Amino acid sequence: MRCRFLLLLLLFISIISCKTPTDVVYFQNAENQEKITSTNSFTPVFQVDDIVSIFVSATDMDAARPFNLMQGASLGVAVGEAGAGAGAAGGGTTPEPTYLIDEDGNIDFPVLGTLQISGLTRIELKEMIKEKLKIYINDPIVSVRLKNFKFTVIGEVTRPGSYNIPNERVTIIEALGMAGDMTIKGRRGNVTIIRENEGVNTYHRVDLTSKAIFESPVYYLAQNDVLYIEPNESRIRESKTNRNVVGIVLSVIGVGLSAAAFIIGL
């Protein structure tokens with residue numbers, strides 16, 4: 001009788017702990033060969049504390065050179081990586097000047113002076129600088145890159161942490177892939193994206209079990225976004241059980257030590 005009761009108890013526990021496909025499968029309502037047109041047109045903009053590389057080139061590189069001065073702290077410029085389009089005159093590569101956007105959203109640019117760039121997209125910044133350069137250079141070419149695009153993934157994933165990428169466009173799916181995907185204990189139906197804009201945090205919740213994720217306004221991540229993967233009920237129960245077991249073990253050890261001390265005292 002006791003063995004039968006234990007078997008039934010184990011069967012009950014296994015049933016309530018098993019997760020159904022609706023809990024763990026992504027994009028469940030997407031049909032085979034279904035075409036989903038994304039209406040998401042998110043484009044990241046530059047923010048305070050972003051690091052931006054800007055390199056100016058032209059047919060006459062001597063005319064462009066003053067706009068790529070390496071003046072260090074006096075211009076708020078730090079020497080970055082080698083520029084792919086640089087070195088037209090010398091045959092080599094020239095380091096890209098990189099700029100830290102200050103708390104007012106500005107950078108100090110050679111010759112042109114202070115430029116307000118916070119809130120601009122990469123294309124908008126390129127066009128603005130090209131327009132200002134036209135009085136100095138014929139047909140200027142401006143290369144702009146965001147150097148410190150970062151996002152953070154925490155919670156029930158294989159490799160939680162912060163990730164820096166060399167481009168400025170990454171999706172939720174790609175971010176989870178970089179973090180090794182969710183564990184089986186993660187809640188796929190309630191993923192939280194925390195997005196900061198000018199000091200204000202906005203919380204978005206998305207369902208990765210639905211194809212509607214592709215139309216979410218946060219499908220493409222912004223600079224410094226945080227993805228939080230909640231634990232499911234199974235993980236929460238497991239955590240509570242582990243704490244209870246640890247508490248019982250510590251209690252038993254405490255009682256044993258007290259008894260030993262008492263016996264030794266006798």
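## The cavity

The largest cavity has a volume of about 40 Å³. The model is a predicted one. Across the whole structure, a search returns one cavity of 30 Å³ or more. Rolling a probe the size of a water molecule over the atoms reveals where empty space remains.

Which residues line the largest cavity? The lining consists of Pro44, Val45, Phe46, Leu120, Thr121, Arg122, Leu146 and Glu168. Leu146 also belongs to strand S6, residues 141-146.

## Strand S6 and its partner

Side chains alternate along S6. Val142, Val144 and Leu146 point to one face and are buried. Ile141, Ser143 and Arg145 point to the other face and are not buried. Leu146 therefore sits on the buried face of S6, buried meaning under 20% relative accessible area.

S6 pairs with strand S1, residues 51-57. The pairing is antiparallel and runs over six bridges. Where does Ile54 find its bridge partner in S6? The partner is Val144, a residue whose side chain is on the buried face of the strand.

## The salt-bridge network

How many salt bridges does a search of the whole structure find? The count is six. Glu230 takes part in two of the contacts described here, one with Arg187 and one with Arg205.

The side chains of Glu230 and Arg187 meet at 3.0 Å, N to O. This pair links distant parts of the chain, with Glu230 in strand S11 and Arg187 in strand S9 (residues 186-197), 43 residues apart. Glu230 counts as buried because its relative accessibility is 15%, and the cut-off is under 20%. Arg187, at 36%, counts as partly exposed.

Arg205 forms a salt bridge with Glu230 as well, the closest N and O atoms being 3.0 Å apart. That contact also joins distant parts of the chain: Arg205 is in strand S10, Glu230 is in strand S11, and 25 residues separate them. Through shared partners, salt bridges join Arg187, Arg205 and Glu230 into one network. Arg205 is exposed, with a relative accessible area of 54%.

## A second salt bridge site

Asp62 and Arg65 form another salt bridge. Their closest N and O atoms are 2.5 Å apart. Is Asp62 buried or exposed? Asp62 is exposed, because its relative accessible area is 53% and exposed means over 50%. Arg65 counts as partly exposed, at 41% relative accessibility.

## Val111 and the nonpolar patch

Val111, Ile135 and Tyr136 make a nonpolar surface patch of about 330 Å². Val111 is found in the loop between strand S4 (106-109) and strand S5 (113-116). Its relative accessible area is 48%, so Val111 is partly exposed. That value is over the 30% that a patch residue needs, so Val111 can be counted in the patch.

## Positive phi values

Most residues other than glycine have a negative phi. Val111 has a positive value, with phi near 70°. Asn224 likewise has a positive phi, near 70°.

Where does Asn224 lie? Asn224 is in the loop between strand S10 (200-206) and strand S11 (226-231). Asn224 counts as partly exposed because its relative accessibility is 33%. The strands that flank this loop also carry a salt bridge, with Arg205 in S10 and Glu230 in S11.

Methods: Residues numbered from 1 in each chain as written. Predicted model: local features only at pLDDT ≥ 70, side-chain atom pairs only at ≥ 80, totals over all residues. Heavy atoms only, no water. Patch = residues over 30% accessible without salt bridge, like charges linked within 9 Å, V, L, I, M, F, W, Y side chains within 5 Å. Areas by Shrake-Rupley, 256 points an atom, 1.4 Å probe, with all protein chains shown as cover. Salt bridge = Lys/Arg side-chain N within 4 Å of Asp/Glu carboxyl O. Helix = DSSP H or I, 4+ residues; strand = E, 2+ residues; numbered from the N terminus. Buried < 20%, exposed > 50% of the residue type's maximum accessible area, 1.4 Å probe, protein only. Pairing = 2+ DSSP bridges. 1 Å grid on protein atoms, 1.4 Å probe; cavity = no way out; pocket = protein on both sides within 12 Å on 5 of 7 lines; lining within 4 Å. Points joined across faces, edges and corners; volume = space filled by probe spheres on them.
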